[in-house]
Amino acid sequence: MESRFRVLFLALPIVMFGLSGCSATKNFFGRGDKSAPPPAEIDEQVIDPEVDRREIKEPKIDSENFEIGAFAGILSIEDFGSDLVYGVRLAYHVTEGFFVEGTVGKSQAGLTSFEILSGGAPILSDSERDFLYYNLNVGYNILPGEAFIGEARAYNTGLYIVAGLGSTRFAGDDRFTVNFGAGYRFVMTDSIAFHMDFRDHLYDIDILGEEKTAHNLEATLGISLFF
Amino acid sequence: MSERNITTIHSTPRSIKSLLIAVLAFVMLSTAFDEIAQAAEHYKTVSVADPYLEMRTGPGRGYPKFYAVDRGESVEIIKRRTDWFLVRADNGKEGWVDRAQMELTLQSDGSETSFANATQEDFTNARWETGLLAGDFGGANIVSLYGGYSLNPNVAIEVWGSQILGNFSNGWMGSVNVVHETWPDWRISPFFTLGGGVIHTSPKSTIVQGQDRTDQVAHVGVGFRVYATRRFIMRAEYKSYVVFTSRDDNEEVEEWKVGFAFFF
């Protein structure tokens with residue numbers, strides 16, 4: 001539609017020019033000397049505006065949207081007791097609300113009650129008891145806030161929720177693992193934060209007879225660095 | 001007992017490998033983002049042009065405003081986190097200011113201040129993209145990481161690494177594919193894709209029969225990318241795979257995935 005208008009618009013001066021150039025119609029328009037400029041000139045003006053572009057300087061500012069950290073705590077592996085878990089975490093803050101994170105953690109499963117009571121052959125070998133997981137999560141800072149220590153000190157804090165998926169290597173197999181949970185961030189300085197995290201890692205497992213969904217609850221404390 | 005040990009010797013490096021891949025992908029991500037940050041020019045002090053500049057106690061909308069810098073005074077920018085800037089006033093006060101207010105300040109030479117901010121236009125024209133998708137691969141769960149490079153706004157080449165976690169077997173798949181976007185300037189941009197690669201499957205330890213296999217695969221697919229915010233993309237896709245097995249019949253597998261990605 002717009003181009004049609006433009007064609008009509010451009011056609012008008014051509015017609016005008018053509019007509020005014022013609023001696024028969026010169027006086028008819030009464031403006032023979034001031035003939036309209038040829039369309040080529042108009043095009044030139046539209047396409048090549050000699051405007052100075054202002055350079056927008058982009059500031060170089062230290063962007064700290066990444067957060068790297070380590071954590072340690074307790075992981076309760078369903079049927080296999082609770083044990084120490086430790087790992088690392090990397091997060092990228094997309095907006096003030098959303099972040100994505102990747103976590104790798106390691107623990108070791110103990111004995112099942114059956115193994116302890118029967119005193120018989122162990123169900124898993126030692127190396128099969130190694131519990132290694134990774135997960136990739138999306139998180140949201142649901143309750144940002146401030147915490148006060150005494151009258152003079154205020155620290156930024158935040159309660160966040162996370163959910164995601166990954167894989168757990170346990171009992172000789174990789175298991176698709178869904179995890180979700182919540183955490184509390186205590187921002188010590190502008191770059192250092194302490195974390196308290198609670199997660200549930202779920203996977204399907206059938207090594208004890210029937211297949212079932214195992215809940216592995218994890219509670220950890222961690223420290224992280226924004227960079 | 002010795003049999004068990006043999007099994008684990010085989011299996012442990014595999015898990016370490018998948019973990020390494022995940023870590024590596026994140027490291028690559030971080031370096032890429034760092035480069036973007038480094039690419040911008042250097043300056044640190046801006047002066048307030050609006051009647052005042054409000055400082056908050058934290059990098060978020062809800063944090064209280066505790067100080068206002070008057071027009072004409074200058075502030076030093078210390079760091080940026082998402083769309084918030086930590087600034088220091090002449091009198092030493094430090095606080096967080098949002099991007100909208102920071103863009104109303106003036107640079108030392110009097111020109112306006114502007115900060116890098118990804119837009120939908122960058123979504124169309126960005127060269128690099130990386131993301132994570134998960135879903136269903138012929139009844140098994142699949143987790144995938146990918147990296148893509150755009151030759152032009154319409155055509156991109158992608159490299160994928162996937163971990164497949166099923167009830168009876170586990171495995172991994174690596175593939176390369178070409179993606180064509182017909183309307184890359186749309187906020188919801190559909191694409192179709194064509195590619196090939198290799199798939200490795202190994203039966204679970206509780207399955208008695210079966211052995212490890214590595215086969216070639218080819219696939220076609222359709223999907224769409226949605227520009228969410230900043231550098232964030234949501235992506236969903238369907239792919240139909242043909243696995244060229246060593247048996248008489250080829251295997252066909254359908255895959256559905258959804259996830260998120262970043263462009264830079």
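**Strands, turns and cores in a predicted model**

Reader: What makes strand 5 of chain B and strand 6 of chain B count as a pair?

Author: In this predicted model, strand 5 of chain B and strand 6 (residues 94-98) of chain B are joined in the antiparallel sense by 5 bridges. Two bridges are the least that a pair needs, so these strands qualify as paired. Within the pair, Val87(B) stands opposite Gly95(B), which belongs to strand 6 of chain B. The two strands also form a hairpin that has 4 residues between them, where Gly92(B) takes a positive phi near 95°.

Reader: What joins strand 4 of chain B to strand 5 of chain B?

Author: These two strands run antiparallel and are joined by 6 bridges, and one pair of bridge partners consists of Glu76(B) and Arg88(B), the latter in strand 5 of chain B. They too form a hairpin, with 2 residues between the strands, and Thr82(B) in the turn has a positive phi of about 45°.

Reader: Why is Thr82(B) called buried or exposed?

Author: Thr82(B) has 20 other C-beta atoms within 10 Å, and the cut-off for a buried residue is 20 or more, so Thr82(B) counts as buried. Its place is in the loop between strand 4 (74-81) and strand 5 (84-89) of chain B.

Reader: Which residue in the loop between strand 1 and strand 2 of chain A can be set beside it?

Author: That residue is Asp79(A), placed in the loop between strand 1 and strand 2 (82-93) of chain A. Asp79(A) has a positive phi of about 75° although it is not a glycine. As background, most residues other than glycine have a negative phi. Asp79(A) has 19 C-beta neighbours inside 10 Å, and buried residues need 20 or more while exposed ones have 12 or fewer, so Asp79(A) is classed as partly exposed.

Reader: Why is Leu194(B) placed in its exposure class?

Author: Leu194(B) has 13 C-beta neighbours inside 10 Å, and because a residue is exposed at 12 or fewer and buried at 20 or more, Leu194(B) is partly exposed. Leu194(B) lies in strand 12 (residues 188-203) of chain B. Leaving aside neighbours within four places in sequence, Leu194(B) is in contact with Asn177(B), Val178(B) and Val220(B). Between Leu194(B) and Asn177(B) the C-alpha to C-alpha distance is 5.4 Å, although they are 17 residues apart in sequence.

Reader: What makes up the largest nonpolar core?

Author: The largest nonpolar core has 21 residues, and those with the most contacts inside it are Ala134(B), Ile142(B), Ile164(B), Met173(B), Val217(B) and Val243(B). At least two residues of this core come from each of several strands of chain B, among them strand 8 (128-137), strand 9 (140-150) and strand 14 (232-244). A core of this kind is built of buried residues, so Ala134(B) and the others named with it must be buried as well. Not counting residues up to four places away in sequence, Ala134(B) touches Leu165(A), Ile142(B), Val143(B), Ser144(B), Lys257(B) and Gly259(B). Apart from the largest core lies another, of 15 residues, including Val75(B), Ile77(B), Trp84(B) and Phe85(B).

Reader: Where does the domain assignment of chain B put its domains?

Author: The assignment gives domain 1 as 20-36 + 121-263 and domain 2 as 45-107, and the C-alpha centres of these domains of chain B lie 42 Å apart. Chain B holds 3 helices and 15 strands, and buried residues make up 30% of its 264 residues.

Reader: How many strands close into a barrel in chain A?

Author: In chain A, 8 strands close into a barrel in the order 1-2-3-4-5-6-7-8, with antiparallel pairing. Neighbouring strands of this sheet are turned by 25° against each other on average, direction ignored. Strand 6 (residues 173-187) and strand 7 (residues 192-205) of chain A share 10 bridges, and two bridges suffice for a pair, so they count as paired. Here Asn179(A) has His201(A), in strand 7 of chain A, as its bridge partner.

Reader: Where in chain A is confidence lowest and where is it highest?

Author: The pLDDT is lowest in helix 2 (residues 23-29) of chain A, at a mean of 44, and highest in strand 1 (residues 66-76) of chain A, at 95. Over residues 1-5 of chain A the pLDDT is below 50, and beyond near neighbours in sequence this stretch has 0 contacts in the model. Residues 15-34 of chain A also stay under 50, and for them the model has 15 contacts beyond four places in sequence. As a whole, chain A averages a pLDDT of 80, and 74% of the residues score at least 70.

Notes. Residues are numbered from 1 along each chain as its sequence is written. Chains are lettered from A and ligands numbered from 1 in the order in which they are written. This is a predicted model: local features need pLDDT of at least 70, side-chain atom pairs count only at pLDDT 80 or more; totals for chains, interfaces and linings use all residues. pLDDT is the predictor's confidence in each residue, from 0 to 100. Two residues are in contact if their C-beta atoms, placed from the backbone, lie within 7 Å. Axes are lines fitted to C-alpha atoms, for helices over the stretch in contact, and angles run from 0 to 180 degrees between N-to-C directions. Domain bounds come from an automatic or database domain assignment. A nonpolar core is a set of buried Ala, Val, Leu, Ile, Met, Phe, Trp, Tyr and Cys residues joined through C-beta atoms within 7 Å.
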